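This report covers a few local backbone and side-chain features. The sequence and the structure come next.

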Amino acid sequence: MSGRALLLLSAGPFTVLRDFDMSPEERARALDECRALSVVEQLARDVRAGERAQILRLLALLPRSPVLSDLWRTSYGALVDPVRRAVRERQVLFLPGWHWARAEAATAVSQAKPAADDAAAPPASARRAPPPKQYDLLFEYVTDTGHPVTDEGGFELWGPGGFIEKGKLSNGRVHRKGVVSGQYELRVRALTSARWSTLSTSPFEPVRLTVRTKNLPDGTPLVIAIRPAHAAPDAASIRLQVKVQADCAAATWSYEQAVGGRLREDFEFEVTLDKKRATSQVLRVVPHPPTTPRGAQERLRALGYDPGPAADEPTASLRAALQRYQEDHPPLVPSGELDPFTVDVLDSQIA
Amino acid sequence: MPSTETGQPYRKVIEYKGVARWLSPDVPFSQDSEARPFGPGSLLPQAGPMPRVGSAGGFEAGPETAAAKPVLYIPVKRQNGQETIPSLRVRLEFREVGRLSNIQALAHVGAKVSFSVWNVWGNQRRGPVKLEGSLDEVGTCSVPIPAATVKSWLDPRAELRGRVNEILLDFEFAIPDLTDQLIVGESITRIYLYRRKVLVFLPGVFGSQVNVRTPDGHTRGFPDLYTGFTLERALADSLLPGAGLAQQLATQKLGSLECDAAGRPLIQPVKPALFSLRGQVYDVYDDCRAARARYFADLPADFRLIELQLFAYDWRTDLLEAAQALATRVAKLQAELREKPDTDDEVALTGHSTGGLIMRRALGEPGMQQRVSHAFFISVPFRGAPKALGVILTGKDPPGGGPGNRMVDFVDSDSLRDAALCMPIVYHLAPSAAYTERVAFTPGRPPAAPISVEEDKRDLIDTAISAGFLPAPCFVKASGLSDGERALLASSSNDWHSFWSEASERLRAQELYDASYPHGYPERDSWFPGEIRARGLEAQAAARVRGGWNLELAARARQFHEQSEQVARSGAWKDKAYVFYSIAKQPTTLSVHFERVSETDFADSLALLKDEGIPVLQFLDGDVVPARTEEEREIADERGEHHSVPAPVVHQWLRVNGRCKRIVWRLWAESKTSGGDGTVPEESLRGFGGDVQDQQIGKIGDKFTHLDTPNEATVWNSIMQMLQGTWTKTKSPGSVSAEPNAAKRTGMP
């Protein structure tokens, strides 16, 4: 086994190697058994065809691969169990990230290794070391429509021995000729998600906005624009500035309903970095129940009455606003109290 | 080329996913909590977990169930007769999974996207309308739809066959040229274009509760269906028929609602806007809601597409006041509606019976043409009803019937009779001058007399009073009394009428006593002031003057009707007015007859008394009265069949030229089966006075009576169609098989 490393799979979020012979540093980067299995299990659970197909390709290259023909009818256990066994028996090694495989290089090393072990061979110093073999390095990025992509945001190509090269992805390809053997990684800057902490909230209740990134330096500024979800994208929006820290940026926001402001609204936010953007899911703002002080405040505000700051208990401002509303809507009794009739009329007035 | 083990370069395939949806750039969606998702299932068939995938890209799947597909309720506003239509936009994001756009696929830029917009209202697919756009550099395609285009979608003759409130927009799309397979998908949201409508309902007489504050500080409501209602009383009512609430209702008297000689209420109502009855007389809330739920069956039942408001009014008084108040209310309402984002600023008026009379007159007030989009008249006595004459004479229907023949179930019939002639409403509901048939017959107005409804009415009442059939009314003076004094008079009005009924009966024998006691009969004559004192009615007696058919009120009612008919004749409401009426199988009063049965001369009072069978000693006691009996009269109906009708008989004693005379009078009403709706004759029901769209409710012989029609499903179904503009005259709703809501027969016109 030693001296050889065969690429089994290098696509998606990890690389799987078999017959590996790696340095301690490289081995340290590998996923432990538990995390490796969780990756596989996650893929197997995912009902999307692409993810399952990866597992199937992986299984096909295992030493004791089961014969699986129908992707959709293959059970979860049938997909995962062979991989689990292979991981436990240390037949495969999972590396994170997108890597250029070194199958050829590994093969070359493995060919050289038996000569080094040969006792009859002349001393190493007496032999001329062959010149390092050079290879072509080719990354291709395409959409699933089959079209190449470009990324003006730039990338960093990391190679062996601290090799770093900056460039821009154009026409979907990064092609380098004459590179030495080793592990290469193309680090693309990306926004990977934009999420609300909840999908439903109420006025004045804080919500956390989280943006996940990849390969963005700490301190990179991002612009977040919050806007009604069903309005035009160029509609007026609330803008926030956040900075990336450890591939994450976050902010807290709440819908501060103004007097006359809407009671219900759908919001989404979009984070932008130059031409890159990520859009969140829809956050729905719904009012509190009309029988609660907060709910009454929210409805009064929507109808143009100022009930003061949001509060869970009836306040003097709420009572005053209620009384004004009741005076304006006979035959409600202007008591300033949130009686059932007032609740009913308040709620029915919201259109 | 050195490469991987498989000889392939490293290849990263970036998965794309689309999100397509509607946008409403100008108008925000409804905030109504009842604006819930509805509509049919997805446009595209569900073939698997990724059903909308062509060779590449997965589009965000629609929800598994249609009910979960969000619907944006977007209002279409109409103000000043102009539609304000929102512009819309369809938007497609074709981006990396997770709504990300980190890279650009230049080949995607400019790719053609075709949209097919469907109207899926009513679980149907109408359309499509095709739209086209192309992907931009960030993978989005947004196609604006100008308001003019949306407006064309609301044309029922166009491809989408939509109209406001009946259009649920969805779309599917295709990107044909990006791969060798078609990429298709559909919107994850839908748009519902709606407009709310305010419908103002005017009930008939007794459909509103008149609230008055009595001098003791209490507020009383008439009719008293809610005041004092308790669970115990309702229970007693259910356990002991005739007790509890029913008993209370049976004894309601209207004295405190009395008006003065000028028709002005002695006590003004507590509020200009009176509380209306709900459920007891009418169920229009439930009926309207049910019709709305039937017509818009797909829409969530609690989404308020129709807002029903009641216009209650003081039904005692001059209907002109109510008509003007209605016009003012509608003007104010329009101003309020213009502040709302989603409501038509023109209202629909619906009036039942007297409510319809008020409506017709109100339509002539300035500005109403711009404020009212529909006027629905349900069982309206446009030319009055002869039955109202029965109210004046006996408070019963038919006039002179027994205790079970109260004109209004919950009002004491004598009380109704006693208050009638001072209430303007009675003059408004009596047949109007436009009536083309004779409505009353008396010796002074025999069948050969020329048609004159005004003469018929006046002569009938005056004759009945002079014959002693009807107590001569004593009106409260119209001037010279403070509000406090008027309120006190109202509070003891029932006592006065009780006394005056008794006194009137005694006075019927007065001429005979005058003949026998030319210098007076002190014991008998002192009964009147003695009773007034004993009953504490001095103030009542001082404040009242004898009256009869009130010519001033009759003239005002006549003017009201003439003005109303002018409104109808103008033709201005030809396209907006709809008349509903029914022809019921039960008899409808067409005319009232007060006939002289016999006239007998006697030499003196003793001879008359002998003939009447009254002992002389009883006469000498001073308290005999001429006979009053309940009889029946045989009449032939239109088919020649004979029927008995109540015919109260009254004897009148007169002294003429030193001799005594007895005249026997008889009252009866001529009615006709299927001659109207049981209350109002057909002529009056159809007598709007101008071009109008009318339809009959049910068929001749059906059971839908005057009181049933406002609670009749057919009416409300038709109203929904008329509001939506889908009603056609050929679409007869006459196939109704439902029974009328007999349980609600507690009102009157």
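## Local features of chains A and B

In chain A, A:S202 sits in the loop that runs between β10 (200–201) and β11 (207–214). The model is a predicted one. A:S202 has a relative accessible area of 8% and is therefore buried, since buried means under 20%. A polar atom of the A:S202 side chain lies 2.9 Å from the backbone oxygen of A:V286. A:V286 is also among the contacts of A:S202 once neighbours within four places in sequence are left aside. The others in that list are A:V285, A:P287, A:H288 and A:E298.

Two residues have a positive phi without being glycine: A:A246 and B:N657. The table sets out their values.

| Residue | Phi | Loop | Relative accessibility |
|---|---|---|---|
| A:A246 | about 55 degrees | between β13 (238–243) and β14 (248–253) of chain A | 60% |
| B:N657 | about 50 degrees | between β27 (642–656) and β28 (659–673) of chain B | 74% |

Where does the exposed or buried label of these residues come from? A:A246 counts as exposed because its relative accessibility is 60%, and exposed means over 50%. B:N657, at 74% relative accessibility, therefore counts as exposed.

Chain B also holds a cis peptide bond, which runs from B:G127 to B:P128. Its omega is near 5 degrees. B:P128 is placed in strand β10 of chain B, residues 126–134.

Notes
Residues numbered from 1 in each chain as written. Chains lettered and ligands numbered in written order. Predicted model: local features only at pLDDT ≥ 70, side-chain atom pairs only at ≥ 80, totals over all residues. Heavy atoms only, no water. Helix = DSSP H or I, 4+ residues; strand = E, 2+ residues; numbered from the N terminus. Buried < 20%, exposed > 50% of the residue type's maximum accessible area, 1.4 Å probe, protein only. Polar contact = N/O pair within 3.5 Å; in protein donor to acceptor, adjacent residues only side chain to side chain. Contact = heavy atoms within 4.5 Å.
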